[in-house]
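User: I would like to understand how the terms used for a protein model are justified. Please set each value against the definition behind it.

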Amino acid sequence: MKNNKDIGDLYKARYSDLEIEPDKSVWDSIELKNEEIRFYRFVWNQFNIYYLSSIIAFSALSIFSFVNVMTFNNTDQAKINSAPVLFQNSIPQNSLSESAEKLNADFHKGNSSPVINTNKTKRKINIKSDSLNENSSKYLYEPALENMEAKDSINKLIPPIVIKKTPKRRVVIVEQRDTVVQIDTLKSKLRRKR
Amino acid sequence: MLNEKELIDGCKKYNRVAQKVLYTKYSAKMYAVCIRYLKNKEEAEDLLQDGFIKVFININKYSSTGSLEGWIRRVIVNVVLNHLLKKKRYKLESIENHKNNYDGDAGYSSQIEHSYTFENSFGVEESEFTKPELDKALDQVPEVYSLVFNLFHIDDLTHSEIATLLSIDEATSRTRLFRAKKILQQYLIEIREKKRYREQLS
């Protein structure tokens, strides 16, 4: 049985249910693109959780640091205003005691004498133990003198270190053919060796 | 196996499995659509990819009133048409070059009138032409006309929809459809005559 059809219907019948399998690489590229979309979609969906929390944390941190700076300045000022200043001479050195007395006199005429603790500190000195002590594996340190009053003798705290002085000598050797000339520049002596 | 509702819900949540199932289900049909418009394998694959990405992004806009396949087909067709409009390929082929293929511009109303009589008079038998013959005949039609023919007869778009999509008048859409059919008719008659001649010889 033959069925008369319009051209449009003929082509519709031909193409409407037509299926052509595409290459597998198409899905791979779609999936690749989807990963990117999924990421941005996730970011957008989680905006309230991540972005808002980070904004809150950042603003809290900035407020805290601002308040902290403000309080620090205030307390510092208050300390300066309220702290009793007293120059106290505890160092048995004439110059220091004089200067302390002078300061007291200058700054606080008639008032209760201000006290300043003048503590003597000394820089740490590292000395290799090889040449000084039997205990060769350690470095020797001078004991820290922080918070120790200067009236204590430094010799009492640390025994003096005696380092042997080696005689200074500078030798210049000049080789000239078979002659070795040794010149001691310090003693200004010229020796010749054959 | 996911049913259509689960599939849509999964795709709305950007579920990878649901997306894969959706692609597997409709990719072959949509690739055929792309091939029909573009006739180039690589270009069709690129647009199939773009189309499905657009489907996955815009699936929230799909209302369950129509069929999912129809909606996907419409998205793919839109992507293909946008691509063609960007390339302005269909505009490159001047309509003037094909004036000799028909009776000429005798006026819009007379053409439409003629087209209806032509449609009624030219009946073709379903089994008369093979699939390659139909493809070959459609390939002979200039793209400006075959585009409207495809949209109207195969993708079931109305003339107003075609006019909107292609940024043309409805009247132009009708005229292009008529011309496409006329050219197809000529080629199909030619093929039929050749077949009959061969049969007589044998």
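User: How much area do chain A and chain B bury between them?

Analyst: In this predicted model, chain A and chain B bury about 3600 Å² between them, and 61% of that area is on carbon and sulfur atoms. On the side of chain A, Ile7(A), Tyr11(A) and Trp27(A) lose the most area to chain B, together 19% of what that side buries.

User: How many residues of chain A and of chain B take part in the contact?

Analyst: Chain A contributes 30 residues and chain B contributes 43 residues. A residue is counted because its heavy atoms come within 4.5 Å of the partner.

User: What makes the pair of Arg16(B) and Glu35(A) a salt bridge?

Analyst: The side chains of Arg16(B) and Glu35(A) meet with N to O at 2.4 Å. The cut-off for a salt bridge is 4 Å, between a side-chain nitrogen of Lys or Arg and a carboxyl oxygen of Asp or Glu, and therefore the name applies. Between chain A and chain B the count is 5 salt bridges. In addition, 12 residue pairs are in polar contact across this interface, both residues being at pLDDT 80 or more.

User: Which elements of chain A give two or more residues to the side that touches chain B?

Analyst: They are strand E1 (4-5), helix H1 (7-15) and helix H2 (24-45) of chain A. H2(A) gives the most, with 11 residues. By class, this side of chain A has 11 nonpolar, 6 polar and 13 charged residues.

User: What is the secondary structure of chain B?

Analyst: Chain B has 10 helices and 1 strand. Along the sequence, the pattern is α-α-α-α-α-α-β-α-α-α-α. Of the 202 residues of chain B, 49% count as buried.

User: Why is Cys11(B) called buried?

Analyst: Cys11(B) has a relative accessible area of 0%. Buried means under 20%, so Cys11(B) meets the definition. Cys34(B) is likewise called buried, because its relative accessibility is 0%. As for disulfides, the count over all chains is 0.

User: How do you know that Glu69(B) and Lys29(B) form a salt bridge, and what does the pair tie together?

Analyst: The closest N and O atoms of Glu69(B) and Lys29(B) are 3.4 Å apart, and the cut-off is 4 Å, so the pair qualifies. Glu69(B) lies in helix H4 (residues 68-87) of chain B and Lys29(B) in helix H2 (residues 16-38) of chain B, so the salt bridge ties together parts that are 40 residues apart in sequence.

User: Why do Glu69(B) and Lys29(B) carry the labels partly exposed and buried?

Analyst: Glu69(B) has 23% relative accessibility. Partly exposed covers the range between 20% and 50%, so the label fits Glu69(B). Lys29(B), at 17%, is under 20% and therefore counts as buried.

User: Where does Arg73(B) find its salt-bridge partner Asp155(B)?

Analyst: Asp155(B) lies in the loop between helix H8 (143-154) and helix H9 (159-166) of chain B, while Arg73(B) lies in helix H4 of chain B, so the pair ties together parts that are 82 residues apart in sequence. The closest N and O atoms of the two residues are 3.3 Å apart. Both Arg73(B) and Asp155(B) are buried.

User: Which residues are linked in a network of salt bridges?

Analyst: The network links Lys29(B), Arg36(B), Glu69(B), Arg73(B) and Asp155(B). Over all chains, the structure holds 15 salt bridges.

Definitions and conventions. Residues numbered from 1 in each chain as written. Chains lettered and ligands numbered in written order. Predicted model: local features only at pLDDT ≥ 70, side-chain atom pairs only at ≥ 80, totals over all residues. Heavy atoms only, no water. Buried area = accessible area lost by both parts, 1.4 Å probe. Polar contact = N/O pair within 3.5 Å; in protein donor to acceptor, adjacent residues only side chain to side chain. Helix = DSSP H or I, 4+ residues; strand = E, 2+ residues; numbered from the N terminus. Nonpolar A, V, L, I, M, F, W, Y, C, P; charged D, E, K, R; others polar. Disulfide = S-S within 2.5 Å. Buried < 20%, exposed > 50% of the residue type's maximum accessible area, 1.4 Å probe, protein only.
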